[in-house]
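Please open the model in a viewer and keep the selection panel at hand. The tour below proceeds by selection, from single residues to a sheet and then to the chain.

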Amino acid sequence: MTSRWGFLAVLGLAAATVAGAAAAATGGPPISDVQAIALDPVHHGTIYAGVYSGSTPGGVYKSTDGGASWTLLNADTNVVTDVRALVVDPLTPTTVYAGTTYAGVLKSTDGGATWNPMNTGLGALPSVESLAIDPVTPATLYTSVIGGIFKSTDGGANWSAANNGLSSTDVLGITLQPGNPATLYARVNGGGVFKSTNSAGSWVAMNTGLASLYVYSLVIDPVTPATLYAGTYDSGVFKSSDAGATWTAINSGLTDLHMGTALAIDPANPGTVYATSRAGVWKTMNGGASWTSASAGLEATATINGGSFYALAVDPSSPATVYLGGLLGGFYKSVDGAATWTASDNGLSTRPVVLALAVEHANPANVYAATLWGADLSYLGGIFKSPNGGAGWTEVSFGLDGVQSLAIDSSYPATIYAGPIVNTVGFLSGGGVIKSTDGGATWNAANTGLPTISGMAHGGATSTFAGINGFAINPSNPTTVYCAPGNQVFKTTDGGGNWTAADAGLPASSTILSLAVDPANPATVYAGASVGTVFVSRDAGGSWNGLSVNLPNMRIQALAVSPGNSSTLYAGTDLSGVFISRDGGANWAQANSGLTNLSVLSLAPDPAVPATIYAGTNGDGVFKSTDGGATWQATGNDPGNGAAPATMISIVSGDTQTGIAGQALSHPLVVVVTNSANIPVAGVAVSFSVFGGGSVSATSVVSDSQGVASTSLTLSANPGTNTVTATEAGISGWQVVFSTTGMAAAPGISVAGVANSASFTQSFSPGMLLSVFGTGLSSGSPQTFGPAPLPLTSASGTSVTINGIAASLLYVSATQINLQIPYELAAGTANLVVRRGGQSASIGFTIQAAAPGIFVDYRNGNIVPNESAAVGSTIGFYVTGAGLTTPAVATGNAPSAGTTPVPNLPATVTIGGVTATPAYVGIPSWSVGVLQINVTAPVSLTAGYQAVVVDIGGVKSKPALLNVTR
């Protein structure tokens with residue numbers, strides 16, 4: 001340190017913070033819930049799909065090209081319905097019946113163009129579980145609703161109950177015997193299988209040998225109708241060879257016995273049977289003697305208890321073609337007997353509610369979306385990732401409870417914060433903050449200090465943490481995070497360990513829906529409210545003021561600050577789309593060209609290319625703008641692995657970057673390769689050619705499973721334009737060009753040396769305070785930072801990394817920087833890099849477990865703050881370089897309230913060669929990287945200056961002088 005009292009300077013001023021913005025979107029991620037599939041028996045390739053009405057418009061979808069594209073057929077129903085069952089009249093295939101939730105049976109006689117309710121006799125608002133049609137006399141139909149089985153003999157015009165002999169009216173499904181439609185089988189929930197031989201006139205239980213009476217699916221061999229297969233909830237698959245009289249388990253090869261609601265038989269080879277379970281799809285080719293997995297291409301599909309797939313159908317005219325309908329997995333098609341599957345969702349139901357978006361700082365081609373799916377009070381949601389700037393999406397963390405807010409650590413992208421929706425099914429649950437440090441694989445609650453809510457849910461008083469409407473992360477110090485529960489703003493400075501209110505000046509009458517931090521001025525934080533007002537804090541959440549804006553009086557659901565211009569703000573509203581301000585929020589203008597949904601829930605800009613921004617919408621997925629919001633395009637739905645040939649290369653991220661001549665750009669250059677259906681294609685060799693004198697890390701890159709190919713550019717040593725052209729030999733005449741600019745470096749930066757900030761010795765450890773000496777280290781006036789948390793970057797454009805990890809800065813001047821060595825660093829070689837004005841200088845040193853240094857008056861070596869002590873009295877002094885502690889302390893932060901971290905290694909003290917037992921050892925609550933030790937001066941000491949030495953883990957400090965008196 002440069003001052004006798006310099007060690008106290010680490011505790012000074014407020015830290016700056018920057019938040020990650022949420023964003024709204026259209027297009028992917030792919031989410032659909034296909035509950036029923038019916039094939040037109042005459043017109044090959046015509047398929048009907050029944051879709052659940054969650055965030056996606058439900059109803060009947062129709063494809064006339066084997067599932068390549070779909071059209072919604074709900075034009076005249078006046079209701080978005082949940083379709084659970086479908087049948088097609090085998091003699092008149094333009095007649096289609098749909099079984100729905102609450103709207104009963106609907107009938108179309110024109111191939112789905114128009115629909116009419118057919119519910120006479122079914123009761124009010126019937127909910128249909130299943131439908132079956134007599135193939136010989138198609139005017140005869142059967143349905144199961146609440147109330148049991150009903151039969152119609154006039155094409156659905158009238159229905160009458162047919163429950164005689166059933167143990168329960170809770171009927172899951174009905175199956176007619178091929179060739180003899182007077183024989184039917186019914187699956188009773190908890191009652192097993194029942195059989196009728198008189199067209200549902202009466203029923204008899206057929207459960208001998210069934211280990212489970214929860215039979216979710218049943219199919220009949222069309223060649224040998226006495227052979228039946230039944231899939232059960234928890235006991236696998238059973239087979240009967242005597243028309244249901246007895247059953248035997250056939251589970252060899254199955255690794256999951258929780259079967260789904262789908263079974264299907266190959267009509268040309270009846271020994272081939274397909275079945276679904278929670279683990280995917282299974283196939284037997286020997287009548288159930290053994291099963292093998294048939295899930296290739298489905299690995300990324302969500303699995304939910306009870307089965308992730310509702311429906312299977314084998315094309316009778318081409319039995320190698322199999323169709324599969326999924327619970328939030330969409331629609332899949334196989335043309336090789338389920339050896340492989342491909343998604344066939346185009347136009348089907350890929351319209352998710354995208355509540356939050358985040359873009360990875362290190363590689364902006366990686367975009368994350370938090371989605372909601374559900375209806376009424378039942379929610380399921382997940383986090384999806386696009387590695388190609390929205391060209392395709394895959395699941396990261398499916399099954400999270402309706403994630404409504406999301407943020408990614410700018411330094412450690414595996415660290416993700418998410419805010420689950422508050423659920424009210426039976427009791428209040430969800431809400432609060434969950435955090436993942438492994439890229440979304442696992443999650444833990446991080447709610448200490450956050451407010452709770454309570455209320456009545458289904459008759460009982462329960463409570464949970466308030467729902468988090470938005471997050472914002474300080475990119476220069478990512479342990480500082482803001483969140484918005486209800487009408488408040490809370491802040492953490494230790495990565496979610498503890499939260500405190502930061503909402504002084506915000507009106508209690510407004511709900512805070514969105515947050516954003518200015519990346520160039522992290523102390524500036526914006527909050528969007530439910531009443532059309534944007535609030536701003538210029539002191540990192542210390543106080544807030546409303547901006548005078550001309551936004552409409554509606555919900556500000558999303559906010560973002562342009563990474564390239566702090567005066568440019570984006571706002572997403574609930575009714576009027578996106579607004580842009582070019583003057584820091586004083587005036588706003590709409591920017592909705594291309595948006596098909598004007599309820600924008602989230603916004604996220606690309607940090608490498610400020611003109612690129614993503615928007616998440618309420619039901620149309622993720623949109624992307626590459627011209628600063630002037631126009632918008634829907635992002636893709638397909639997760640990749642499209643069939644060749646490739647037809648196009650597109651820039652994803654990295655274009656128009658500016659850097660320092662002779663140095664590598666901050667972000668990679670990323671392209672995506674797609675085919676004629678705009679599906680990403682793997683295995684394509686992309687060539688990168690440089691013009692202007694720079695160089696790339698790779699000149700030829702093969703596209704990955706998401707169609708992505710990337711390279712990194714080191715700019716020419718001469719300032720000016722560098723271009724990189726990406727081409728692929730098989731795509732005739734197609735190329736894309738990245739244009740980048742190299743700026744001249746400011747002169748004069750150098751690093752002369754480093755030292756322990758207390759003793760100026762050449763020993764270094766994690767968490768230690770370090771001094772860096774040189775020239776040109778800062779272009780501004782000297783600055784001291786505090787209190788904790790300390791900034792990871794400072795003013796004057798100076799930043800420091802050690803082995804690529806940002807260091808917390810305490811003091812910056814032209815000739816000296818004081819910082820804390822990150823606790824994350826392991827023992828071994830360290831490379832410290834100072835960056836300022838586009839230039840950099842580096843120096844190497846060695847990290848060890850401990851490197852104690854005692855703070856002294858640098859003029860005379862006397863210990864501080866007490867230069868003298870009488871024998872028998874207690875003195876306190878300060879040390880840095882104690883190494884790791886328990887509990888751990890985040891880099892740049894003081895200890896959490898109520899804790900006193902102590903070194904993991906033993907600490908001892910000698911004064912004048914005499915052991916002095918410490919009365920206190922620990923990092924005090926006000927300190928960053930500084931250990932306090934209190935000891936009693938041994939009574940045996942003689943008067944005069946004595947050497948004080950601290951030993952931590954066998955490593956001794958440089959002596960400090962203490963004037964002992966008697």
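With which side chain does the side chain of Ser625 make a polar contact? Select Ser625 and Asp627 together and show their side chains: the polar contact joins these two, at 2.8 Å. The model on display is a predicted one.

**First stop: Ser625**

Keep Ser625 selected and add Gly629. The backbone nitrogen of Gly629 lies 2.8 Å from a polar atom of the Ser625 side chain. Now show the strands as ribbons; Ser625 belongs to strand 55, which covers residues 622–625.

Is Ser625 buried or exposed? Ser625 is buried, because its relative accessible area is 0%, and the cut-off for a buried residue is under 20%. To display its surroundings, select Ala611, Thr612 and Ile613, followed by Ala630, Thr631, Trp632 and Gln633. Ser625 touches each of these residues, a list that leaves out residues up to four places away in sequence.

**Second stop: Pro485**

Move to Pro485, which is found in strand 42, residues 481–485. With a relative accessible area of 3%, Pro485 is buried as well. Next, select Pro451, Ala466, Gly467, Ile468 and Phe490. These are the residues that Pro485 touches when those up to four places away in sequence are not counted.

Then add Gly431 and draw a distance between C-alpha atoms. Pro485 and Gly431 are 54 residues apart along the chain, and their C-alpha atoms are separated by 8.8 Å.

**Third stop: a sheet of 3 strands**

Select residues 646–653 for strand 57, residues 669–675 for strand 59, and residues 708–711 for strand 63. Together they form an open sheet in the order 57-59-63, with antiparallel pairing. Strands 57 and 63 stand at the edges; each has a single partner strand, so one side of each is left without a neighbour in the sheet. From one strand to the next, the twist averages 25°.

Within this sheet, focus on the pairing of strand 57 with strand 59, which is antiparallel and runs over 6 bridges. Which residue of strand 59 stands opposite Ile651? Select Val671, which holds that place.

**Last stop: the chain**

Clear the selection and display the chain in full. Its secondary structure comes to 0 helices and 89 strands. Of its 966 residues, 58% count as buried. Among contacts between residues at least 6 apart in sequence, 54% join residues at least 24 apart. Finally, turn on the surface: the accessible surface comes to about 33,500 Å², and 53% of that area belongs to carbon and sulfur atoms.

Conventions: Residues numbered from 1 in each chain as written. Predicted model: local features only at pLDDT ≥ 70, side-chain atom pairs only at ≥ 80, totals over all residues. Heavy atoms only, no water. Helix = DSSP H or I, 4+ residues; strand = E, 2+ residues; numbered from the N terminus. Buried < 20%, exposed > 50% of the residue type's maximum accessible area, 1.4 Å probe, protein only. Polar contact = N/O pair within 3.5 Å; in protein donor to acceptor, adjacent residues only side chain to side chain. Contact = heavy atoms within 4.5 Å. Areas by Shrake-Rupley, 256 points an atom, 1.4 Å probe, with all protein chains shown as cover. Pairing = 2+ DSSP bridges. Axes fitted to C-alpha atoms, helices over the stretch in contact; angles between N-to-C directions.
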